[in-house]
Amino acid sequence: MVMANTTSTAAHTSLASVTLEVADPAAARRFYSAFGVDTYISLRASEAHSTGFRGFTLALTVSGPATVDGFVGAAVDAGATVLKPATKSLWGYGGVVQAPDGTIWKIATSEKKDTGPATREIDEVVLLIGVEDVKATKQFYVARGLTVAKSFGGKYAEFAPGQSSPVKLALYKRRALAKDLGVPADGTGSHRIVLGSTAHTFTDPDGFAWEAAA
């Protein structure tokens with residue numbers, strides 16, 4: 001009976017919101033407005049200790065290389081630091097920047113050539129969490145009601161998006177994610193991010209905190 005109740009209660013759980021914890025909310029609000037992603041996140045004041053890699057990135061998927069360059073340029077103009085310059089790769093074109101508050105953002109497209117002019121449109125935003133054990137964390141989330149949309153063994157897992165959140169959730173190996181972003185994998189202290197849950201409050205095996213969304 002307990003298991004049945006847990007499954008029934010958890011069946012509707014999904015990511016409802018993403019809140020970044022920052023030292024200066026007003027400054028962060030100005031940055032994210034200029035960057036063009038302010039509608040995808042919330043901000044909260046925090047002085048929690050955090051060093052090194054915080055274990056996640058927010059990734060923007062856009063239409064083409066010119067649009068990637070536009071978002072990277074807007075971020076840099078607003079105060080971001082380039083971690084990986086935008087460049088072509090086997091899978092497309094993209095770059096990585098770090099916001100003044102420390103959050104790492106990846107901007108990418110699967111297209112290698114532009115088929116139209118640059119825009120300020122975002123096709124998709126994905127919160128990629130770097131975890132030690134993708135399979136174990138995936139099962140932890142499934143037990144709490146999240147639905148797996150894609151899964152590639154112990155390397156990657158993606159969850160079905162909730163109706164109320166514009167951000168999709170995915171899991172990746174922590175060291176692989178850090179390597180992709182161009183940063184050392186080591187880090188301690190707070191992740192400086194809180195995930196909103198449509199159901200209940202919990203903390204996952206890697207210390208990412210979920211709270212019931214208002």
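**Aromatic rings and helix 4**

So, F31 is buried, and F35 is buried too (buried being under 20% relative accessible area with a 1.4 Å probe, protein chains only). Quick housekeeping: this is a predicted model, where local features need pLDDT of at least 70, side-chain atom pairs count only at pLDDT 80 or more, and totals for chains, interfaces and linings use all residues. Residues are numbered from 1 along each chain as its sequence is written, and side-chain values use heavy atoms, with hydrogens and water left out.

Back to those two Phe. Both sit in helix 2 (residues 25-35), four residues apart, about one turn of the helix; helices here are DSSP runs of H or I, at least four residues, strands are E runs of at least two, and both are numbered from the N terminus. Rings of Phe, Tyr and Trp (its six-membered ring) pair if their centres lie within 6.5 Å, with planes under 30 degrees apart called stacked, over 60 edge-to-face and the rest tilted. That rule gives 13 aromatic pairs. F31 with F35 is a tilted one, at 5.7 Å centre to centre and 40 degrees between the planes. Together with Y32, F71 and W105, they form one aromatic cluster.

Now helix 4, residues 134-143. Its buried residues are V134, T137, K138, F140 and Y141. They cover an arc of only 160 degrees around the axis, taken from the directions from the helix axis to the C-beta atoms, so they are on the same side of helix 4. And just after helix 4, G145 takes a positive phi of about 105 degrees.

Note on methods: Buried < 20%, exposed > 50% of the residue type's maximum accessible area, 1.4 Å probe, protein only.
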